Amino acid sequence: MNDHRNAPVAPADTDLPHDAPDRCGSPGTSTAPGVPGAASDAAPDEEAGDVRRFWGRLGLPGLVDVHTHFMPERVLHKVWDYFDAQGPLTARLEWPIAYRKDEAERTALLREFGVRAFTAMLYPHKPGMAPWLNAWAADFARRTPDCLHTATLYPEPGVETYVREAVEAGARVFKAHVQVGAYDPADELLHRAWGVLAEAGVPVVIHCGSGPAPGAYTGPGPIERVMARHPRLRLIIAHLGMPEYEEFLRLAERYGEVRLDTTMAFTDFTEGFMPFPRRALPRLAELGDRFLLGSDFPNLPYPYVHQLHALERLDLGTDWLRAVCHDNAALLFEL
Ligand SMILES: [Zn+2]
């Protein structure tokens, strides 16, 4: 069987999201503050050893990373070009992509790290693109059993239908990108699609914080309106909601199905421009069952293990780390 040969082809009019990276950069600086040695400094084996020792020390069977990017190669290359060009959505921050490798090398590396399950975060920046991305992601999940089948959506006619179809086809997680998509998540066009996802209990990783640069609809307000109508919706706030960390923690305190991913939070890179407020640390401990490890692999500007060490140095204890790096996601996705 050569399922992967059936991967859909981009419609001719689908220009790629060269204006649409997904990342967190920083306003106001042009170099990465305090970035540890570039990933390329370490041999892959050595780096994998560091990652494996991290979860081994915790007595875990591996990691679950809910925020990794896989998408059609052409689209990913456009995203990388955007990072290289230091465009406005990246706050014009210097952003050396640590894992600029082909798809097979990237999946192999995650396996060497001992990432038991990961995702294929992909997202449209205009109408008509989501069904094509969803078809690609379904095929990717078929040929990549350790990738949780991922899908995406956009406010457009027909969204409820293709979201329902993706769920019926086995999608286990969705990605929504409010900054790049430049849409209001509380848009009436999305109302029924959120309803489908809430009813099915399928989590949605949503980039809705105003980092690295704000969008017209980023920030907690629009998300609060979505949650008011869909209180059981399983939103996973990407990047811990940076820089509106505390407002999004409040959302998680209010709604039992709201979670947050750790992507880029607490790293030297992010602390340099959007630091997590120390006064909110006790809330991290209290909400320990609501955080999920995310990394932004392969688009992160430092070695993968730095994200893990950034969580460890919060000093919230091994139980907290075990939950965040593995157990919370294992429970959520029934791994
Ligand atoms: Zn991302």
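Which residues in helix 8 meet which residues in helix 9? The close-ups below start there. This is a predicted model, where local features need pLDDT of at least 70, side-chain atom pairs count only at pLDDT 80 or more, and totals for chains, interfaces and linings use all residues. Residues are numbered from 1 along each chain as its sequence is written.

**View 1. Helix 8 (residues 220-229) packs with helix 9 (residues 245-254).** From helix 8, Pro220, Ile223, Glu224 and Met227 meet Glu247, Phe248 and Leu251 of helix 9; contact here takes C-beta atoms, placed from the backbone, within 7 Å. Five of the residues in this contact are nonpolar, none is polar and two are charged, with Ala, Val, Leu, Ile, Met, Phe, Trp, Tyr, Cys and Pro counted as nonpolar, Asp, Glu, Lys and Arg as charged, and the others, Gly among them, as polar.

**View 2. Six strands make an open sheet.** The order runs 3-4-5-6-7-8, and the pairing is parallel (strands pair if DSSP finds at least two bridges between them; a strand is a DSSP run of E, at least two residues, and a helix one of H or I, at least four, numbered from the N terminus). Strand 3 (150-152) and strand 8 (291-292) sit at the edges, each pairing on one side only. Strand 7 (residues 259-261) joins strand 8 over two bridges, and leucine 260 has phenylalanine 291 as its bridge partner there.

**View 3. Here's what surrounds isoleucine 236.** Leaving out residues up to four places away in sequence, isoleucine 236 touches Val66, Pro203, Val204, Val205, Ile206, Arg259, Leu260, Asp261 and Leu292.

Definitions and conventions:
Axes are lines fitted to C-alpha atoms, for helices over the stretch in contact, and angles run from 0 to 180 degrees between N-to-C directions. Two residues are in contact if their C-beta atoms, placed from the backbone, lie within 7 Å.
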